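Colleague: I'd like to learn how to read a model like this one. Could you walk me through it, feature by feature?

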Amino acid sequence: MKTASAPALSVLGTNVLRRRPNLVAGIAICAAFLFTRTQLAFTQPPPPPPPGVVVQMPDKPDPSVKIPQFDVISVKPSKETSVLVQFTPDGMRMTGVSIRFLLFEGFGGISQNQVIGVPTWATDGGFDIEAKVAAEDLPALAKLTFEQRRTMFQQILTDRFKLVAHHETRELPVYELTIGKKGSKLKESASGDPASAIPRTMFGRGKVTSTDGSLSFFITQLSRELGRPIVDKTGLTGHYDFTLEWTPEGAAPTDQSGPDIFTAIQEQLGLKLESTKGPVDVIVIDHIEKPSEN
């Protein structure tokens, strides 16, 4: 697990993301996307999104809606050193995104050890991508959740990067997250509280602060922080207010007064992480190539 210092990440209330390129690897991948009503930002918040790109996405999927295909996909090498991803009313717009990002997020926010066969050049530079659906598919697009929208990255990979991949189930080290013996200490957010109207999850070195945040989002980031998949067996599906503080691995001797992350999760959240092995869905890349410029 990398422990280099990184700026705090803040999940705020819009759907535009910017990030700096020198983040801790476990956070960098998850940082480069935007959420339903959320934004990942830094100590200096980015400007508001341009008119017409704010997209409100439903929290729950509509089983009657079929995920549309992009009608147009534009891909070209990027000159940007930072990453911007926007979900727009007719598709998505990205600058500086890597193939690794498209792979990890397109297959459901998976971790690095769940993608086998990523070529070394997949981390070299980024791409500017604009993808749009046809006019007749706009109503269906508007009904997609964030999770459904990011699966559309797979079409970009297939059409423009010629991705051929298959799923395998492999026995890998995992963590199981359960509720501790004394019960969960998570405080469920008050739905009528104006302070909780905008979900915010703040990730910093050795600290996470959540306001109206989902446990699933926290688990995704925690999985990348710890370097292995986490199986959620808590049964907790609400939105929660909590603060988690721990001593990061490799911290200076003067900054080691707090607990490690496993102890902190148990003492402060009332949850428990246990190391085990289990079947994990992995993506095996059979073929992928650099796209031709438009």
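Modeller: Sure. Let's begin at a helix end: G270, just after helix 7, takes a positive phi of about 70°. This is a predicted model, by the way.

Colleague: Which residue after helix 5 has a positive phi?

Modeller: That's K162, with a phi near 55°.

Colleague: Back to helix 7. What happens at its start?

Modeller: There you look for a side chain reaching a backbone nitrogen. A side-chain oxygen of D260 comes to within 3.1 Å of the backbone nitrogen of F262.

Colleague: How do I work out which way a helix faces?

Modeller: The general idea is periodicity: an α-helix has 3.6 residues a turn, so residues three or four places apart point the same way. In helix 7 the buried residues are I261, A264, I265 and L269. Looking down the axis, you find them within an arc of 100°, so they line one face of the helix.

Colleague: What do those buried residues pack against?

Modeller: Four elements: strand 9 (164-179), helix 6 (215-226), strand 14 and strand 15 (271-287).

Colleague: And how would I read helix 5 in that light? Which of its residues are buried?

Modeller: Helix 5 spans residues 153-160, and its buried residues are F153, Q155, I156, L157 and R160. Their packing partners are strand 4 (70-77), strand 5, strand 6 (91-97), helix 2 (99-106), strand 8 (127-133) and helix 4.

Colleague: Next, aromatic rings. How many aromatic pairs does the structure hold?

Modeller: Six. For each one, check the distance between centres and the angle between planes. Y175 and F262 make a tilted pair, 5.5 Å centre to centre with 55° between the planes. This pair links distant parts of the chain, since Y175 sits in strand 9 and F262 in helix 7, 87 residues apart.

Colleague: Are those two rings buried or exposed?

Modeller: They fall into separate classes. Y175 is buried, because its relative accessible area is 10%, while F262 is partly exposed at 31%. The cut-off to keep in mind is 20%: under that, a residue counts as buried.

Colleague: Which pair is edge-to-face?

Modeller: F218 with F242 is an edge-to-face pair, at 5.3 Å centre to centre and 75° between the planes. F218 lies in helix 6 and F242 in strand 14, so the pair ties together parts that are 24 residues apart in sequence. F218 is buried, with a relative accessible area of 3%, and F242 is buried too, at 8%.

Colleague: Can ring pairs join up into something bigger? Which residues do they link into a cluster?

Modeller: F87, F101, F146 and F153 are linked into a cluster by ring pairs.

Colleague: What about a charged side chain and a ring? Which residue lies over the face of Y175?

Modeller: That's R228, at 4.3 Å from the ring centre.

Colleague: How do I read a buried arginine, then? Where is R150 found, and what does its side chain contact?

Modeller: When a charged residue is buried, look for its polar partner. R150 is found in helix 4 (residues 146-150) and is buried, with a relative accessible area of 9%. A polar contact of 2.6 Å joins its side chain to that of E105.

Colleague: And a small polar residue such as T88: buried or exposed?

Modeller: T88 is buried, with a relative accessible area of 3%. T88 lies in strand 5 (residues 83-88), and its side chain reaches the backbone nitrogen of M92 at 3.4 Å.

Colleague: Compare that with S257. Where does S257 sit?

Modeller: S257 is in the loop between strand 14 (239-245) and helix 7 (261-269). S257 is exposed, with a relative accessible area of 77%. From S257 to T247 you count 10 residues in sequence and 7.2 Å in space, C-alpha to C-alpha.

Colleague: Let's zoom out. How many helices and strands are there?

Modeller: Seven helices and 15 strands. The protein has 294 residues, of which 50% count as buried. Of the contacts with a separation of 6 or more, 77% are between residues 24 or more positions apart.

Colleague: Last one: where should I be careful?

Modeller: Check the confidence. Where pLDDT is low, the predicted coordinates should not be read in detail. The mean pLDDT here is 78, and 75% of the residues reach 70 or more. Over residues 1-53 pLDDT stays under 50, though the model has 150 contacts beyond four places in sequence for them.

Definitions and conventions:
Residues numbered from 1 in each chain as written. Predicted model: local features only at pLDDT ≥ 70, side-chain atom pairs only at ≥ 80, totals over all residues. Heavy atoms only, no water. Helix = DSSP H or I, 4+ residues; strand = E, 2+ residues; numbered from the N terminus. Buried < 20%, exposed > 50% of the residue type's maximum accessible area, 1.4 Å probe, protein only. Polar contact = N/O pair within 3.5 Å; in protein donor to acceptor, adjacent residues only side chain to side chain. Arc of directions from axis to C-beta. Contact = heavy atoms within 4.5 Å. Phe/Tyr/Trp six-rings, centres within 6.5 Å; stacked < 30°, edge-to-face > 60°. Lys NZ or Arg CZ within 6 Å of the ring centre and 35° of its normal. pLDDT = per-residue confidence, 0-100.
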